[in-house]
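Please look over the structure below before reading on. The text that follows is meant to be read alongside it.

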Amino acid sequence: MIMITGSSHLQDQKSKTSSRYSTGEVYTYLKGPTPLVPWTQLVWFSYGIPRHSFLTWLQIHASPRNKDLRRLTLLAVQGAIYWLWHERNTRLHEQTFRTAEAIFSTLDKQLRNRVQSFRHTNPRASTAMMQLWFLRS
């Protein structure tokens, strides 16, 4: 059992005392061990933008259970985040404006190219994802 004393010390049942208090350590201890999920490195990586990582994480948890549809949705969300951010930057720094249709067309081409890029390694998934993309567009 963990006790938090008035002097901000973390104390476990073996009476070991730490001079620093860590909310993360307490949370991890109370929550217990959790299994790692296979998509962790896809979402949380060292040079990622935290806001984009968080939005991707939310999308994974809210996405459908169909594996191909979930992958396709994730790719579409990541692409949309990227191209909207790119458009924002070009409007701010270059005063260049594109229409929503032009941005969507770029996103559509990028997503199709990405799905086609793994056709040789995983033709079943590539075909299923392309069919889902054409159904929704």
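The paragraphs below go from the overall fold to one helix, then to the salt bridges, and end with confidence.

The model is predicted. Its protein has 137 residues, with 6 helices and 3 strands. Along the sequence the order is β-β-β-α-α-α-α-α-α, so the strands precede the helices in the pattern as defined from DSSP runs. Buried residues make up 26% of the chain. The accessible surface is about 10,200 Å², and carbon and sulfur atoms supply 60% of that area. Among contacts with a separation of 6 or more, 35% join residues 24 or more positions apart.

Helix α4 covers residues 67–93, which is 27 residues. At 1.5 Å a residue, a helix of this length should span 39 Å, and the C-alpha atoms at its ends are 39 Å apart, so expectation and model agree. Several residues of α4 are buried, including L69, L72, L74, I81 and W83. The buried set also has A76 and G79 in it, as well as T90. Two acidic residues, D68 and E87, belong to that set too, and both return below as salt-bridge partners. After α4 comes Q95, which has a positive phi near 55°.

How many salt bridges does the structure hold? There are 4. One of them pairs the side chains of D68 and R124, with an N to O distance of 2.9 Å. D68 sits in helix α4 and R124 in helix α6, residues 123–136, so this pair links distant parts of the chain, 56 residues apart. The two partners have opposite settings. D68 has a relative accessibility of 9% and therefore counts as buried, the limit being under 20%. R124, at 52%, counts as exposed because the limit for that class is over 50%.

A further salt bridge joins R98 and E87, whose closest N and O atoms are 3.7 Å apart. R98 lies in the loop between α4 and α5, while E87 is in helix α4, so the pair ties together parts that are 11 residues apart in sequence. E87 is buried, with a relative accessible area of 5%. R98 is partly exposed, with a relative accessible area of 28%.

Within helix α5, residues 100–117, the side chains of D108 and R112 form a salt bridge at 3.1 Å, N to O. These two residues are 4 positions apart in the helix, so about one helical turn separates them. D108 counts as buried because its relative accessibility is 12%. R112 has a relative accessible area of 29% and is partly exposed. Elsewhere, E87, R91 and R98 are joined into one network by salt bridges that share partners.

Which parts of the model have the lowest and highest confidence? Strand β2, residues 10–11, is lowest with a mean pLDDT of 50, and α5 is highest at 92. Thus the D108 and R112 pair described above lies in the helix with the highest confidence, because both residues are in α5. Over residues 6–10 pLDDT stays under 50, and the model has 16 contacts beyond four places in sequence for this stretch. For the protein as a whole, the mean pLDDT is 79, and 82% of residues reach 70 or more.

How values were computed:
Residues are numbered from 1 along each chain as its sequence is written. This is a predicted model: local features need pLDDT of at least 70, side-chain atom pairs count only at pLDDT 80 or more; totals for chains, interfaces and linings use all residues. Side-chain values use heavy atoms; hydrogens and water are left out. Buried means under 20% relative accessible area, exposed over 50%, partly exposed in between (1.4 Å probe, protein chains only). Contact means heavy atoms within 4.5 Å. Accessible areas come from the Shrake-Rupley method with a 1.4 Å probe; for residues, only the protein chains shown count as cover. The expected span of a helix is 1.5 Å times one less than its number of residues. pLDDT is the predictor's confidence in each residue, from 0 to 100.
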